[in-house]
Amino acid sequence: MCEVCKDKGIYHIEDIEVHHINKLTQAEDEAFDNDNLICLCITHHKQADAGELDKDYLRSLAKIREEIYPRPV
């Protein structure tokens, strides 16, 4: 589900892609860090890649997801 759409009260579950908040070319060591990954619809993924979505906003959504669905230890 697109986490930006969900934040707006829309439940978009089609055409979902994983976005690296910090691009792999900038932070290769964060490639699989949950706080660097966020699910986005194609539209929001394009906006994120273009810098139209604030990285701090995306990180806050990833943090909320982690609080609701923590990784098993």
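Trainee: Which side chains meet in a salt bridge at 3.3 Å, N to O, within helix α3?

Mentor: Happy to start there, and keep in mind that this is a predicted model. Along helix α3 the two partners are 3 residues apart, so about one helical turn separates them. One partner is exposed at 52% relative accessible area, and the other is partly exposed at 30%. The side chains that meet are those of Asp-56 and Arg-59.

Trainee: Which residues are linked with Arg-65 in a network of salt bridges?

Mentor: Let's take the bridges one by one. Arg-65 meets the side chain of Glu-3 at 2.9 Å, N to O. A further bridge, at 3.7 Å, joins Arg-65 to Glu-66. The residues linked with Arg-65 are therefore Glu-3 and Glu-66.

Trainee: How many residues apart in sequence are the parts that Glu-3 and Arg-65 tie together?

Mentor: Good one to follow up. The side chains of Glu-3 and Arg-65 form a salt bridge. Glu-3 belongs to helix α1, while Arg-65 sits in helix α3, which covers residues 55-68, so the pair ties together parts whose separation in sequence is 62 residues.

Trainee: Does Glu-3 count as buried or exposed?

Mentor: The cut-off helps here: buried means under 20% relative accessible area. Glu-3 has a relative accessibility of 11%, so Glu-3 counts as buried.

Trainee: Which side chain makes a polar contact with the side chain of His-19?

Mentor: First, place His-19: this residue is found in strand β1, and at 3% relative accessibility it counts as buried. Beyond its neighbours within four places in sequence, His-19 has contacts that include Asn-36, Leu-40, Asp-49 and Leu-58. The polar contact, at 3.3 Å, is with the side chain of His-45.

Trainee: Which residues make the nonpolar surface patch of about 360 Å²?

Mentor: Tyr-11 is a nice way in. This residue lies in the loop between α1 (3-7) and β1 (16-20), and its 56% relative accessibility makes it count as exposed. The patch is made by Met-1, Tyr-11 and Ile-13.

Trainee: What is the radius of gyration of the protein chain, and what does the globule rule give?

Mentor: Begin with the layout: 3 helices and 2 strands, running α-β-β-α-α from the N terminus. For 73 residues the two values are close, so the chain is as compact as a globular protein of that length: the radius of gyration is 12 Å and the globule rule gives 11 Å.

Trainee: What share of the residues of the protein chain count as buried?

Mentor: Glu-3 and His-19 are among the residues that count as buried. Over the 73 residues of the protein chain, the share is 30%.

Note on methods:
Residues are numbered from 1 along each chain as its sequence is written. This is a predicted model: local features need pLDDT of at least 70, side-chain atom pairs count only at pLDDT 80 or more; totals for chains, interfaces and linings use all residues. Side-chain values use heavy atoms; hydrogens and water are left out. Patches are made of residues with over 30% relative accessible area and no salt bridge: like charges are joined within 9 Å, nonpolar side chains (Val, Leu, Ile, Met, Phe, Trp, Tyr) within 5 Å. Accessible areas come from the Shrake-Rupley method with a 1.4 Å probe; for residues, only the protein chains shown count as cover. A salt bridge is a side-chain nitrogen of Lys or Arg within 4 Å of a carboxyl oxygen of Asp or Glu. Helices (H or I, at least four residues) and strands (E, at least two) are DSSP runs, numbered from the N terminus. Buried means under 20% relative accessible area, exposed over 50%, partly exposed in between (1.4 Å probe, protein chains only). A polar contact is a pair of N or O atoms within 3.5 Å; within protein, one must be able to donate a hydrogen and the other to accept it, and residues adjacent in sequence count only if both atoms are side-chain atoms. Contact means heavy atoms within 4.5 Å. The radius of gyration is taken over C-alpha atoms; the globule rule is 2.2 Å times the number of residues to the power 0.38.
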